[in-house]
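Morning, everyone. I have one structure today, and I want to talk about its charged side chains.

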Amino acid sequence: MVSTILAEVFAFLIILYVLYRYVLPPLKSMTDKRAQEIEQQVEDSRKARERLDQAEAAYREAVENAQNDAARIRDDARADAQRIADEMRQKAEEEIERLRRRGEEQLENARSQVVRELKTELGGHSTELAGRLVRQELQSDQAKKASVDSFLDELNRSASRN
């Protein structure tokens, strides 16, 4: 029994030696490394917090400056907008007047052209119709005489209207 206890104690001491010699150093190294990482993260977090506080202060200052600048820009923009609106209104009125005059001129030109075209077309149709009527009327002598008389009367009436 004592030999069993001694064998167990000896085996236990061997296991402790193996653990102390081969297992404990890597574990200690890992825990030290992890502790350093945690310390580094805590330090980084503290530095980040300081940078955040500085950034927030700079942000508040920038917002305040931006609000002041925005108010000034808004006032300037209102003044510029009013000036531009007045200029644009004046230019628009001038452009409207110019377009109205141009439109009236174009309308008058188009009307004159249509009247000329209608006169030309009407003259051609009148001549053609008169030619047909004359040909029909001139097939007999008495019809020829009546047709010539009618044509002359029509010319006289036409001349007296113009």
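Let's start with a single pair. Asp32 and Lys28 are joined by a salt bridge, with N to O at 3.9 Å. This is a predicted model, so keep that in mind throughout. The cut-off is 4 Å, so 3.9 Å counts. Where do Asp32 and Lys28 lie? Both are in helix H1, which covers residues 2-137. They are four residues apart, about one turn of the helix. Asp32 is partly exposed, at 39% relative accessible area.

Next pair. Arg101 makes a salt bridge with Glu97. Their closest N and O atoms are 3.5 Å apart. Why can these two side chains reach each other? Arg101 and Glu97 are four residues apart in helix H1, so about one helical turn separates them. In general, side chains of opposite charge can pair when their charged atoms come close. Both partners are partly exposed: Arg101 has 41% relative accessibility, and Glu97 has 30%.

Third pair. Glu108 bridges to Arg111, and here the closest N and O atoms are 3.0 Å apart. The spacing is three residues in helix H1, again about one helical turn. Glu108 is partly exposed at 39% relative accessibility. Arg111 is partly exposed too, with a relative accessible area of 48%.

There is also a network. Glu97, Arg100, Arg101 and Glu104 are joined into one by salt bridges that share partners. So Glu97 and Arg101, our second pair, both belong to that network.

How many salt bridges does the count give? It comes to 15.

Now the charges overall. The chain carries 28 positive and 32 negative side chains. The centres of the two sets lie 3 Å apart.

Zoom out to the fold. The chain has two helices and zero strands. Its C-alpha trace spans about 175 × 55 × 20 Å along the principal axes. The radius of gyration is 57 Å. A compact globule of 162 residues would be near 15 Å.

Buried or exposed? Of the 162 residues, 1% count as buried. The accessible surface is about 14,700 Å². Carbon and sulfur atoms account for 58% of that surface.

To recap the three pairs: Asp32 with Lys28 at 3.9 Å, Arg101 with Glu97 at 3.5 Å, and Glu108 with Arg111 at 3.0 Å. That's it from me.

Technical notes. Residues numbered from 1 in each chain as written. Predicted model: local features only at pLDDT ≥ 70, side-chain atom pairs only at ≥ 80, totals over all residues. Heavy atoms only, no water. Salt bridge = Lys/Arg side-chain N within 4 Å of Asp/Glu carboxyl O. Buried < 20%, exposed > 50% of the residue type's maximum accessible area, 1.4 Å probe, protein only. Rg over C-alpha atoms; globule rule 2.2 N^0.38 Å. Areas by Shrake-Rupley, 256 points an atom, 1.4 Å probe, with all protein chains shown as cover. Lys, Arg positive; Asp, Glu negative; His and termini not counted. Charge placed at Lys NZ, Arg CZ, Asp CG, Glu CD.
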